[in-house]
Amino acid sequence: MSEKINLLPEAGHFYKANLHCHTVDSDGRLTHEEVKAEYQKRGYRIVAYTDHRKYGWYRELCDREFVALAAMEVDINEHFKVPGDFSRVKTYHINLYDAMPEKYQEEKQRSPLPERKYYDMDYINDYIRKMKAYGFFACYNHPYWSLQNYEDYKGLRGFWGMEIYNYGCDLDGMYGFHPQSYDEMLRLGNRLFCVAADDNHNAFPFEDPLSDSFGGFTMVKAPELTYGAVTEALLNGNFYSSMGPEIHGLSVEDGVLKVETSPVDKIFVMTQGRNCYRKAAVLGQTISGGSFSLNGTEGYIRVQIRDREGRYACSNAYEMRGNTPVLRSYDMTVE
């Protein structure tokens with residue numbers, strides 16, 4: 001009898017997470033406690049507090065129902081092309097999540113920031129390496145909002161993941177959905193994960209259509225809701241990203257990929273090349289899954305689903321070994 005391989009763990013629970021959040025500690029409008037309360041009301045169990053240039057670990061917010069991830073967002077900016085006009089400045093924005101918040105606290109409280117060396121790729125990658133030594137894993141944020149293209153990110157190395165969707169950037173009119181950038185990074189040999197997040201600053205009330213909360217989220221599959229279990233699940237890639245639709249299961253048996261979803265309009269299985277496996281609902285109907293035969297030539301696969309409202313959910317990319325997809329965990333070892 002053939003073995004069924006679950007690409008998303010069968011055991012454990014899905015926990016809803018916002019992995020990009022700003023508070024009054026930087027340019028957000030809500031306190032840490034207000035963020036926790038409002039997100040919990042809407043089913044979130046995890047929030048990473050990623051204030052600009054300020055490390056924060058709010059362990060007092062953690063309880064049996066909520067995990068506050070220690071984190072910060074750093075930036076590396078180009079020099080101003082037009083004096084005083086940041087709107088034309090290219091910038092790297094990087095979320096740093098802390099896998100070991102109990103260690104190196106004195107160094108972290110100083111919020112070690114990168115130097116302004118925008119065009120020095122060796123320096124940027126070395127900074128990521130140094131921060132990993134403190135226990136951080138790095139996420140590359142919103143390339144389009146940052147005015148970046150392939151030339152800007154093709155040399156990045158050592159990142160744990162990148163944002164495939166940023167709700168706040170979407171509301172800014174800055175193309176918050178970045179599947180092309182994700183595939184380009186993968187085709188360069190980067191085996192990084194992808195997340196969806198709000199990047200909320202809460203300048204507008206929640207009932208306002210321009211409110212930047214509750215639009216992009218990451219579903220983390222973990223055995224329990226503890227800091228260690230959540231960070232381990234993130235490092236192992238046991239999650240998917242979404243604007244709304246749900247991926248209930250991903251498994252492979254006898255070279256056939258089985259995808260189980262909430263009701264959606266389309267299911268795509270993206271590959272390293274231009275070939276794409278797909279299934280679509282009849283007009284006016286929905287589908288809740290599909291099966292796709294894999295032949296081992298895909299390079300990698302990743303699942304991307306779309307509901308009738310045009311909202312997407314995306315799996316991480318799985319590297320093909322023969323006709324079996326494999327997810328490589330992120331290695332926290334510093335070379």
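## Reading a predicted model, step by step

User: Where should I start with strands β12 and β15?

Analyst: Start with how they pair. Strand β12 (residues 256–264) and β15 run antiparallel to each other, and six bridges link them. Keep in mind that this is a predicted model. As a general idea, strands of a sheet pair through backbone hydrogen bonds, either parallel or antiparallel. For a single example, look at Val 259, whose bridge partner in β15 is Gly 290.

User: Which strands form the open sheet, and in what order?

Analyst: Four of them, in the order β1-β11-β12-β15, with antiparallel pairing. To find the edges, look for strands with a single partner: here these are β1 (5–6) and β15 (287–293), so one side of each has no neighbour in the sheet.

User: Okay, now the inside. Which residues have the most contacts inside the largest nonpolar core?

Analyst: Trp 160 and Leu 257, in a core of 98 residues. Strand β4 (residues 67–77) gives the most to this core, namely eight residues. Click on Leu 257 and you can trace what it touches beyond its sequence neighbours, including Leu 7, Val 269, Phe 292, Ile 301 and Val 303. Gly 290, the bridge partner of Val 259, is also among the residues that Leu 257 touches.

User: How many residues of helix α6 are buried?

Analyst: For this you need the cut-off: buried means under 20% relative accessible area. In α6 (residues 179–187), seven of the nine residues pass that test, so the helix is largely enclosed by the rest of the structure. They are Pro 179, Ser 181, Tyr 182, Asp 183, Glu 184, Met 185 and Leu 186. What covers them includes α4 (150–153), β7 (161–166), β8 and β16 (300–306). Just past the helix, check Gly 189: it has a positive phi of about 100 degrees.

User: Is Asn 18 buried or exposed?

Analyst: Buried, with a relative accessible area of 0%. Asn 18 sits in strand β2 (residues 13–18). With a polar side chain, ask what it reaches. The side chain of Asn 18 makes a polar contact with the side chain of Tyr 39 at 3.3 Å, and it also reaches the backbone nitrogen of Asp 198 at 3.1 Å. Chain distance can mislead you, too: Tyr 44 is 26 residues away from Asn 18 along the chain, yet their C-alpha atoms are separated by 7.4 Å.

User: And charged residues? What is the nearest side chain of opposite charge to Asp 212?

Analyst: Arg 29, at 9.0 Å; Asp 212 is buried and has no salt bridge. A salt bridge would need the charged atoms within 4 Å. Asp 212 lies in the loop between β8 (193–197) and β9 (217–222). Next, look for a backbone partner: a polar atom of the side chain of Asp 212 lies 3.0 Å from the backbone nitrogen of Asn 202. Asp 198, which the side chain of Asn 18 reaches, is one of the residues in contact with Asp 212.

User: Can I try the other sign of charge? Where is Lys 221 found, and what does its side chain lie 2.6 Å from?

Analyst: Lys 221 is in strand β9. A polar atom of its side chain lies 2.6 Å from the backbone oxygen of Pro 9. Lys 221 is buried with no salt bridge, and Glu 10, the nearest side chain of opposite charge, is 8.0 Å away. Its contacts beyond four places in sequence include Pro 9, Glu 10, His 13, Phe 14 and Asn 238.

Definitions and conventions
Residues numbered from 1 in each chain as written. Predicted model: local features only at pLDDT ≥ 70, side-chain atom pairs only at ≥ 80, totals over all residues. Heavy atoms only, no water. Helix = DSSP H or I, 4+ residues; strand = E, 2+ residues; numbered from the N terminus. Buried < 20%, exposed > 50% of the residue type's maximum accessible area, 1.4 Å probe, protein only. Polar contact = N/O pair within 3.5 Å; in protein donor to acceptor, adjacent residues only side chain to side chain. Pairing = 2+ DSSP bridges. Core = buried A, V, L, I, M, F, W, Y, C linked by side-chain atoms within 4.5 Å. Contact = heavy atoms within 4.5 Å. Lys, Arg positive; Asp, Glu negative; His and termini not counted.
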